[in-house]
Amino acid sequence: MEPSAQFCPNPMCSARGQTGLGNIAIHDRKRQRYRCKHCKQTFSARRGTLFEGLRKPSELIVIVVTRLSFGCPVQAIVQAFDLDERTVASWRDRAGSQCQRVHQAVVEQGRLDLVHVQADEIRVKARGMVAWMGLSLMVSTRLWLGGVVSASRDTSLADRLLRQVRACCQTACDILICTDGWAAYVGSITRAFREKVKRTAGRGRAHLEIWSGLHIGTVIKHTVHHRLTQVVRQMSHGSLEQAMRLLQRSGGGQMLNTSYIERESGTMRERLATLTRKCRHAAQRLQALETGMYLIGSTYNFCCFHGEREPSLYR
């Protein structure tokens with residue numbers, strides 16, 4: 001136990017959220033509790049973590065969550081560790097919610113020069129319903145920028161996804177966003193990447209102007225009998241010449257493509273057991289899909305090394 005690295009979580013304490021003040025002392029080593037000298041309240045060393053309130057050994061919880069984050073089905077973990085299915089599902093949801101908070105605190109801070117982003121959505125077959133999961137990726141670093149889950153593939157899904165991308169991006173920087181041919185993307189991107197600009201002095205309403213450095217590339221794939229016959233690459237907004245410069249700068253290939261986000265979608269399907277196309281453990285709730293998505297995405301971002309190999313085909 002290290003008191004100097006802790007802070008008081010009491011909202012009414014004057015030292016809340018501050019470290020290094022010398023106000024935190026060890027209250028009980030056996031129960032792993034600290035005590036604040038200012039407000040006289042005690043708190044657990046697990047406060048604000050996945051392990052808060054859980055009595056199972058931390059090592060077991062880490063093993064179970066690790067297996068979940070690499071595609072092991074809940075039913076297999078239940079049989080292997082003699083746990084209740086609801087317990088494993090609860091740990092998955094706890095871990096996913098914690099990963100979502102970490103993602104918002106670390107990634108969605110508006111400090112990234114994204115340069116080149118790809119977005120896509122995948123169809124999820126759940127129990128008694130069909131859901132959609134939207135994903136986005138920063139190509140140059142392979143950073144997963146976030147995702148959303150929705151019961152329908154509509155404009156709201158695209159709007160929420162692009163607002164997440166906007167929350168990660170620096171203001172008014174040059175950026176290329178590549179998507180598939182879904183018509184909702186273009187409007188959602190332009191709505192997310194615009195700023196209020198006052199054109200006249202004095203009173204009056206500010207205008208919303210789209211970023212001058214925004215470029216949108218669309219990759220449309222035509223199929224016949226489930227076989228690819230033609231790929232159309234076009235600019236839906238911005239300059240093709242500038243888009244090519246951003247593409248070269250990000251190392252994302254020689255032409256407009258969505259290969260990297262498709263590879264990320266494959267990783268998500270591989271590691272999130274409920275996304276398996278034919279299985280007996282399909283998701284029943286959208287929340288389970290969302291927490292599982294953040295668990296896989298945060299593991300992908302912070303626990304795995306990624307090579308910058310270019311895909312052989314840019315489809």
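Visitor: Let me start with a pocket. Which residues lie nearest the centre of the second largest pocket, and how many residues line it?

Guide: The lining of the second largest pocket has 15 residues, and those nearest its centre are V65, C99, L295, T299 and C303. Keep in mind that you are looking at a predicted model.

Visitor: What is the general idea behind finding such a space?

Guide: Rolling a probe the size of a water molecule over the atoms reveals where empty space remains. Here, the second largest pocket comes out at about 290 Å³. Helices α1 (58–69), α3 and α8 each contribute at least two residues to its lining.

Visitor: How do the residues of that lining divide by class?

Guide: Ten are nonpolar and five are polar, with no charged residue in the lining of the second largest pocket.

Visitor: And what volume does the largest pocket have?

Guide: The largest pocket has a volume of about 440 Å³. It is lined by 21 residues, of which V74, E85, A89, R92 and T274 are the closest to its centre. Two or more lining residues come from each of α2 (74–81), α3 (85–106) and α8 (286–302). The largest share, four residues, belongs to α3.

Visitor: How many charged residues are in the lining of the largest pocket?

Guide: Five are charged, alongside eleven nonpolar and five polar ones. For the second largest pocket, recall, the charged count was none.

Visitor: Now to the sheets. How should I read the order of the three-stranded one?

Guide: Read a strand order as a walk across the sheet. In this open sheet the walk goes β1-β2-β3, and the pairing is antiparallel. Strands β1 (24–28) and β3 (42–44) are at the edges with a single partner strand each, so one side of each has no neighbour in the sheet. From one strand to the next, the twist averages 40 degrees.

Visitor: Which bridges hold this order together on paper?

Guide: β1 and β2 are paired antiparallel over four bridges, and I26 is opposite Y34 in β2. The hairpin of these two strands has four residues between them, and Q32 takes a positive phi near 55 degrees there. On the other side, three bridges join β2 (residues 33–36) to β3, where T42 is the bridge partner of R35.

Visitor: What is the strand order of the six-stranded sheet, and what is its pairing?

Guide: The order is β6-β5-β4-β7-β10-β11 and the pairing is mixed; this sheet is open too. Its edge strands, β6 (143–150) and β11 (227–237), pair on one side only. On average, neighbouring strands are turned by 20 degrees against each other, direction ignored. Take one pair as an example: β5 (residues 129–138) runs antiparallel to β6 over seven bridges, with L135 bridged to G147 in β6.

Visitor: Which helices pack against these strands?

Guide: Among them is α7 (residues 259–271), which lies across β4 (115–126), β5, β6 and β10 (214–224) at about 35 degrees to β4. Another is α8, which touches β4, β5 and β6, its direction making about 175 degrees with that of β6. You met α8 earlier, as it also gives residues to the lining of the largest pocket.

Visitor: To finish, how many helices and strands are in the protein chain?

Guide: The chain has eight helices and eleven strands. Its C-alpha atoms fill a box of roughly 65 × 60 × 35 Å along the principal axes, and 44% of its 315 residues are buried. Of contacts between residues at least 6 apart in sequence, 58% join residues at least 24 apart.

Key
Residues numbered from 1 in each chain as written. Predicted model: local features only at pLDDT ≥ 70, side-chain atom pairs only at ≥ 80, totals over all residues. Heavy atoms only, no water. 1 Å grid on protein atoms, 1.4 Å probe; cavity = no way out; pocket = protein on both sides within 12 Å on 5 of 7 lines; lining within 4 Å. Points joined across faces, edges and corners; volume = space filled by probe spheres on them. Nonpolar A, V, L, I, M, F, W, Y, C, P; charged D, E, K, R; others polar. Pairing = 2+ DSSP bridges. Axes fitted to C-alpha atoms, helices over the stretch in contact; angles between N-to-C directions. Buried < 20%, exposed > 50% of the residue type's maximum accessible area, 1.4 Å probe, protein only. Contact = heavy atoms within 4.5 Å.
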